[in-house]
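Here is a briefing on the structure shown below. It takes the DNA contacts strand by strand, then turns to the protein itself.

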There are 2 protein chains.
Amino acid sequence: MKNDIAEILKRNQLSVTESRTKILELFHESKSALAHADIESKTDESYDRVTIYRTLQTFVEKGIIHTIPTADNSVLYALCKDECTQGKHNDNHVHFICDSCGTTFCLDHISVPEIILPKGFTTHRTDVVASGICKNCR
Amino acid sequence: MKNDIAEILKRNQLSVTESRTKILELFHESKSALAHADIESKTDESYDRVTIYRTLQTFVEKGIIHTIPTADNSVLYALCKDECTQGKHNDNHVHFICDSCGTTFCLDHISVPEIILPKGFTTHRTDVVASGICKNCR
DNA sequence: TAATAGTTTGCAACTTTGTTGCAAATATTT
DNA sequence: AAATATTTGCAACAAAGTTGCAAACTATTA
Ligand SMILES: [Mn+2]
Ligand SMILES: [Mn+2]
Ligand SMILES: [Zn+2]
Ligand SMILES: [Zn+2]
């Protein structure tokens, strides 16, 4: 397991450090999206805030994790499961945020529908974020 | 015009003040969504930051404006054109953010498609945010 | 495996964004 | 016009994010 994580880092030309390993492990263990603060607490504040910021940024650039836009404007991150690469994300799935427990899920098998835009507009990315009550909260 | 604005405020049981009038006017004049900072600059910093925060919050609560989630996590606001009321928003249209000029549009006539969620999930709101190149930038 | 070169981390200091309490100013009601 | 209710601006604070740099660590090479 720890080896798999190191593999992913190496494949992305990142040196294998304790913080990166631990943070990437967290994403693999987690069933839902994580915010900066979640990572801080789940690592017992062992890493500096700056390190976490930089790690998340690096992972996003490498196509290891993706961001999820939210209505309340907190930044959330989740593992990319599609084939995302350096600078080219491809996470065309719907996201769901529970208004009750706050958990955010990647609905990997529900893909974002094609949206037909007015003439003159070109789309590079489409985010669909649904919110409501999740299966655990009803 | 200024009278129309005052009317809207009264209809929503808000006292008609200079800052509220001016800010609501800005939204009516603007063809795109506005961020807190846009309002600050377009009003020549005549109002305190706190006043702008509170005004935006009040307008959202009253269903006069709605927020737009963004991938880069800046908060954007735009006029509600549907029949939104106190605590009940109904802005089921797609939003478009231009990667080149940053302008954010409400695509009022493009409605959010129905998303079929897994069993156990109930949706209260669905945001669709597309990004790419807008008609002015290509 | 030890030395070196390259990369990442933590700290400090700072900026930007957002929040709260409260007195003064303004708007509404009588 | 006075009384009442609401809003505003200030100050102080809290939370979130950024940057430069020396020390620590990782990878490479000999
Ligand atoms: Mn996802
Ligand atoms: Mn809109
Ligand atoms: Zn839930
Ligand atoms: Zn544009």
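**DNA contacts and protein packing**

An N or O atom in the side chain of A:Ser19 sits 2.4 Å from a phosphate oxygen of DNA strand C. The model is predicted. A:Ser19 is also among the residues that come nearest to DNA strand C.

**DNA strand C**

- There are 18 residues around DNA strand C, and A:Thr17, A:Ser19, A:Thr51, A:Arg54 and B:Tyr53 come nearest.
- B:Tyr53 places a polar side-chain atom 2.7 Å from a phosphate oxygen of this strand.
- B:Val16 uses its backbone: a polar backbone atom lies 2.9 Å from a phosphate oxygen of DNA strand C.
- Sugar or phosphate makes up 63% of the atoms of DNA strand C within 4 Å of the protein, and bases make up the rest.
- Helices α2 and α4 (49-62) of chain A and α4 (49-62) of chain B each give at least two residues to the surface near DNA strand C.
- The largest share, four residues, comes from α4(B).
- This surface holds six nonpolar, seven polar and five charged residues.

**DNA strand D**

- Around DNA strand D there are 18 residues, of which A:Arg49, B:Thr17, B:Ser19, B:Thr51 and B:Arg54 come nearest.
- Of the atoms of DNA strand D that come within 4 Å of the protein, 63% are accounted for by sugar and phosphate.
- A:Arg49 reaches a base: a polar side-chain atom lies 2.4 Å from a base nitrogen of DNA strand D.
- B:Thr51 has a side-chain N or O atom 2.4 Å from a phosphate oxygen of DNA strand D.
- For B:Arg20, a polar side-chain atom is 2.8 Å from a phosphate oxygen of that strand.
- Two or more residues of the surface near DNA strand D come from each of α4 of chain A, α2 (18-29) of chain B and α4 of chain B.
- Here α4(A) gives the largest share, four residues.
- By class, the surface near DNA strand D has six nonpolar, seven polar and five charged residues.

**Chain A with chain B**

- The contact involves 37 residues of chain B and 37 residues of chain A.
- The two chains bury about 2900 Å² between them, with 64% of it on carbon and sulfur atoms.
- On the chain B side, B:Ala71, B:Asn73 and B:Phe121 lose the most area, together 19% of what that side buries.

**Helix packing in chain A**

- Helices α1 (residues 2-11) and α2 (residues 18-29) of chain A pack at about 110 degrees, with axes 10 Å apart.
- That angle makes α1(A) roughly perpendicular to α2(A).
- From α1(A), A:Lys2, A:Ile5, A:Ile8 and A:Leu9 meet A:Arg20, A:Thr21, A:Leu24, A:Glu25 and A:His28 of α2(A).
- Four nonpolar, two polar and three charged residues make up this contact.

Note on methods
Residues numbered from 1 in each chain as written. Chains lettered and ligands numbered in written order. Predicted model: local features only at pLDDT ≥ 70, side-chain atom pairs only at ≥ 80, totals over all residues. Heavy atoms only, no water. Axes fitted to C-alpha atoms, helices over the stretch in contact; angles between N-to-C directions. Parallel < 35°, antiparallel > 145°, perpendicular 65-115°, else oblique. Contact = heavy atoms within 4.5 Å. Nonpolar A, V, L, I, M, F, W, Y, C, P; charged D, E, K, R; others polar. Near = heavy atom within 4 Å. Polar contact = N/O pair within 3.5 Å; in protein donor to acceptor, adjacent residues only side chain to side chain. Buried area = accessible area lost by both parts, 1.4 Å probe.
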